[in-house]
Each structure stands twice: as C-alpha cells, then as structure tokens.
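Here's a quick briefing to read with the structure open beside you. Take the topics in any order you like.

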Amino acid sequence: MNDTPPLLFALQGSQAYGNAVAQRLGRKLSSHEERDYEDGEHKCWPGESVDGRSVIVFHSLYGDAHHSAHDKLCRLLFFCGALKDAAARQVTAVTPYLCYGRKDRKVEFQDAIITRHVARLMESCGVDRIVALDVHNPSAFDNAYRIPSWNLQCTQLFAQRLAPLLGEQAVTVVSPDIGGVKRAEQFRQVLAHLLARPVSVAMMEKHRQQAGLSGEHLVGNVAGSTVIVFDDLISTGQTLLRAAQACRQAGASRLLAAATHGLFTTGGELFDSGAFERVLVADSIAPFRLPVRCLAQLDIVDTSALVAELLANRPGTGA
C-alpha cells in the first residue's frame with residue numbers, strides 16, 4: 001500500500017475552493033501550468049512529478065465570465081489525461097458543481113442523455129474517482145459512472161446554518177416540485193433533529209414545457225409557518241418565486257430559500273422580487289452574476305470541511 005499523500009491541484013477558476021479544502025487537510029496545492037493560445041486552444045500540465053502518485057484535482061464546472069462550462073469540462077479532461085500520461089497512479093476529480101446534471105433523461109425525440117456522456121468522457125480521460133455536491137438526480141449519477149463516485153449531500157450544513165434563524169415558530173420545508181420531495185424530506189428530518197421539534201413538509205406542483213413553467217397548486221399546510229423552500233439548484237429563480245407566491249397566498253409568515261448551487265442566471269431578479277428574507281447557497285459556484293446590492297441577503301455555506309472529510313477518510317482518496 002502506498003502511504004504517500006496525494007498531490008492536490010486546482011484548475012483556473014477553482015483555486016479558492018481547492019485552497020480551502022487543502023487548508024482543511026493541512027496541505028498545499030501543487031503547481032501546474034495552463035496556457036491559452038491565439039486560436040482558442042488550450043493546454044495544461046502538472047508542474048511537478050506525478051509518477052506513481054495519487055492525485056486530486058479540483059474544478060467546479062459552471063460557466064463564468066471567463067470560461068464556459070464546456071471550456072472547464074474540457075480543461076479538466078485534458079488535465080486528467082495529462083496526469084495519466086505522466087504515470088499518475090490514481091486521479092480523483094472533485095467537481096463541486098458537476099455540469100450537465102440536469103441532462104439526465106430524454107425529454108425530446110432522439111434527445112441526448114448528456115450526464116452519461118460526461119461520465120464516459122471522464123472515464124476515458126483517466127479519471128478513477130469522482131466527487132460532486134448534491135447532483136440533480138442521484139440515481140442517474142450513480143448509474144452513469146462505472147468508476148467509484150460520491151454525491152455529497154449538504155443538508156446537514158444548511159440545517160446547521162438555518163436552525164439559529166428559526167426561533168420557536170412552526171417551520172415547514174417546501175419542495176418546489178415533485179422531483180425534489182425526497183431531497184426536501186431528507187432536509188426536514190435533519191432540521192427536525194437539530195431543532196428537537198417537529199418540522200412539516202409541503203410541495204409545489206410544477207410542469208416544465210417549452211413555453212415555460214406551469215402549475216400553481218401547493219400540497220400541504222404552511223399557514224403561520226416559517227417556510228424554507230429547499231432545492232438543489234437556483235438557475236433563473238422562477239421555480240422558487242412560484243413557490244414563494246403560493247406560500248404567501250397560503251398564509252406563510254416568513255420565507256427563506258436554500259439551494260446548494262446558485263447559478264443566478266438572471267442576475268439579481270430573485271432578490272429584487274423581495275420574496276425571500278434570506279437566500280442560502282453553497283460555495284460550489286461563485287456568485288459573480290449578482291449585483292453587490294444582493295449580497296446582503298445572501299448567505300454562502302462553506303462545504304470545504306465536508307469534502308476534506310471524505311478525502312481524508314475514504315480508502316483510495318485519502319489526503
């Protein structure tokens with residue numbers, strides 16, 4: 001058994017996250033090079049020998065002001081391939097936000113199941129293990145990868161951050177659609193345990209069509225409750241806004257929102273609506289699209305300890 005600790009790398013745009021996890025592990029990031037060319041091509045390679053070593057690579061695969069999700073995915077694949085070409089023994093990819101998680105099934109004739117294609121690309125470029133946070137469809141994630149894969153759930157972290165804000169008022173966790181009911185129920189159980197009192201659950205009806213979202217029925221009683229709308233991802237925010245409107249009409253007294261991944265593709269629209277007292281997201285995606293005025297309502301939950309614990313304790317990923 002090789003007891004040499006793995007080398008840690010973080011690609012461009014993910015250095016802050018990689019540094020946070022490395023510090024939790026009492027380690028430093030290893031050096032690497034990334035080079036862009038005039039024609040748009042790119043290459044990257046490790047700056048120190050990886051021969052026979054286990055390697056962990058951090059890269060959150062969301063599009064930002066500098067690189068698209070495609071760019072980041074391609075850079076991760078090329079870097080992992082370069083590590084294997086340089087005789088790295090094992091490569092673990094840590095992708096706090098894993099792109100194409102919502103493309104997990106066919107919704108059109110001859111549609112592509114891109115989640116599965118991303119998995120094959122990872123495997124073909126030498127990724128031996130993959131770690132992600134709160135993927136959209138855990139079953140699809142598990143089935144797509146033939147390599148060891150971990151979907152780390154952030155429910156405990158959100159419950160710990162929210163519990164001090166809730167006081168003695170009745171609390172209801174609301175899933176904004178039927179697909180997220182299991183996720184909301186898991187969060188409800190954790191929160192109820194922390195609060196040492198019952199927490200209710202409710203759900204919204206939602207139908208997604210080419211013309212947009214529809215469905216306005218709320219199943220469950222939220223009257224007089226502090227409502228936490230809990231989801232895995234915020235994109236445009238329309239799903240959360242529909243849930244907020246329904247909960248207000250049903251008599252909710254306070255509204256909070258929590259989701260692991262905050263894309264905020266429409267900028268500050270969710271915050272400008274005034275629907276939610278506070279919005280909580282994890283640090284898997286930097287809130288670069290949000291105007292400064294929105295940041296006072298935003299709480300960012302640190303997930304570095306969660307990832308560091310997995311890397312330190314799982315056989316084969318130990319750091």
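**Charges over rings**

The charged end of Lys 43 is placed over the ring of Trp 45, at 5.1 Å from the ring's centre. Keep in mind that this is a predicted model. Another lysine to look up is Lys 72, which lies over the face of Tyr 62, 3.8 Å from the ring centre.

**The annotated domain**

- UniProt, in an unreviewed entry, puts the feature "domain: Ribose-phosphate pyrophosphokinase N-terminal" at residues 8-126.
- Across residues 8-126, the chain is 32% helix and 20% strand.
- The C-alpha atoms at the two ends of that stretch are 16 Å apart.

**Val 57 and its surroundings**

- Val 57 is part of strand E4, which covers residues 54-58.
- Is Val 57 buried or exposed? With a relative accessible area of 0%, under the 20% cut-off, Val 57 counts as buried.
- Setting aside neighbours within four places in sequence, the contacts of Val 57 include Phe 9, Leu 11, Leu 76 and Phe 79.
- Val 91, Thr 92, Ala 93 and Val 94 are also among the residues in contact with Val 57.
- If you want a long-range marker, the C-alpha atoms of Val 57 and Gln 238 are 34 Å apart, with the two positions 181 residues apart along the chain.

**Strands E4 and E5**

- E4 pairs with E5 in the parallel sense, over five bridges.
- Val 55 has Val 91 as its bridge partner in E5.
- Strand E5 runs over residues 90-95, and six of its six residues are buried.
- Both faces of E5 are covered: one side has Gln 90, Thr 92 and Val 94, the other Val 91, Ala 93 and Thr 95.

**Aromatic pairs**

- How many aromatic pairs does the structure hold? There are six aromatic pairs.
- One of them is Phe 9 with Phe 79, an edge-to-face pair with 5.3 Å centre to centre and 70 degrees between the planes.
- This pair links distant parts of the chain, with Phe 9 in strand E1 (residues 7-10) and Phe 79 in helix H2 (residues 69-85), 70 residues apart.
- Phe 9 is buried at 0% relative accessible area, and Phe 79 is buried at 0% too.
- Why is the pair of Phe 158 and Phe 230 edge-to-face? The ring centres of Phe 158 and Phe 230 are 6.0 Å apart and the planes are at 85 degrees, so the pair is edge-to-face; the cut-off for that label is over 60 degrees.
- Distant parts of the chain are linked here as well: Phe 158 belongs to helix H5 and Phe 230 to strand E13, 72 residues apart.
- Both Phe 158 and Phe 230 are buried.
- Phe 187 joins Phe 158 and Phe 230 in one aromatic cluster.

**Helix H6 and what covers it**

- H6 takes up residues 181-195, which is 15 residues.
- From first C-alpha to last, H6 reaches 21 Å, close to the 21 Å expected at 1.5 Å a residue.
- The buried residues of H6 include Arg 183, Phe 187, Arg 188 and Leu 191.
- Among the elements covering the buried residues of H6 are helix H5 (155-162) and strands E8 (171-175), E9 (200-204) and E13 (226-234).
- Ala 196, just after H6, has a positive phi of about 60 degrees.

**Strand E8 and its partners**

- Five of the five residues in E8 are buried.
- Cover comes on both faces of E8: Val 171, Val 173 and Ser 175 are buried on one side, Thr 172 and Val 174 on the other.
- E8 and E13 run parallel and are joined by four bridges, with Val 171 opposite Thr 226 in E13.
- E8 and E9 also run parallel, joined by four bridges, and Val 173 stands opposite Val 201 in E9.

**Positive phi in loops**

- Ala 87 has a phi near 75 degrees, a positive value in a residue other than glycine.
- Ala 87 is in the loop between H2 and E5, and is partly exposed at 34% relative accessible area.
- Gln 110 has a positive phi as well, near 65 degrees.
- Gln 110 is found in the loop between E5 and helix H3 (114-124).
- Is Gln 110 buried or exposed? Gln 110 has 67% relative accessibility, so it counts as exposed.

Note on methods: Residues are numbered from 1 along each chain as its sequence is written. This is a predicted model: local features need pLDDT of at least 70, side-chain atom pairs count only at pLDDT 80 or more; totals for chains, interfaces and linings use all residues. Side-chain values use heavy atoms; hydrogens and water are left out. UniProt positions are given in the numbering used here, feature names are shortened, and annotations may be inferred rather than shown by experiment. Buried means under 20% relative accessible area, exposed over 50%, partly exposed in between (1.4 Å probe, protein chains only). Contact means heavy atoms within 4.5 Å. The expected span of a helix is 1.5 Å times one less than its number of residues. Rings of Phe, Tyr and Trp (its six-membered ring) pair if their centres lie within 6.5 Å; planes under 30 degrees apart count as stacked, over 60 as edge-to-face and the rest as tilted. A charge sits over a ring if NZ of Lys or CZ of Arg is within 6 Å of the ring centre and within 35 degrees of the ring normal. Two strands pair if DSSP finds at least two bridges between them.
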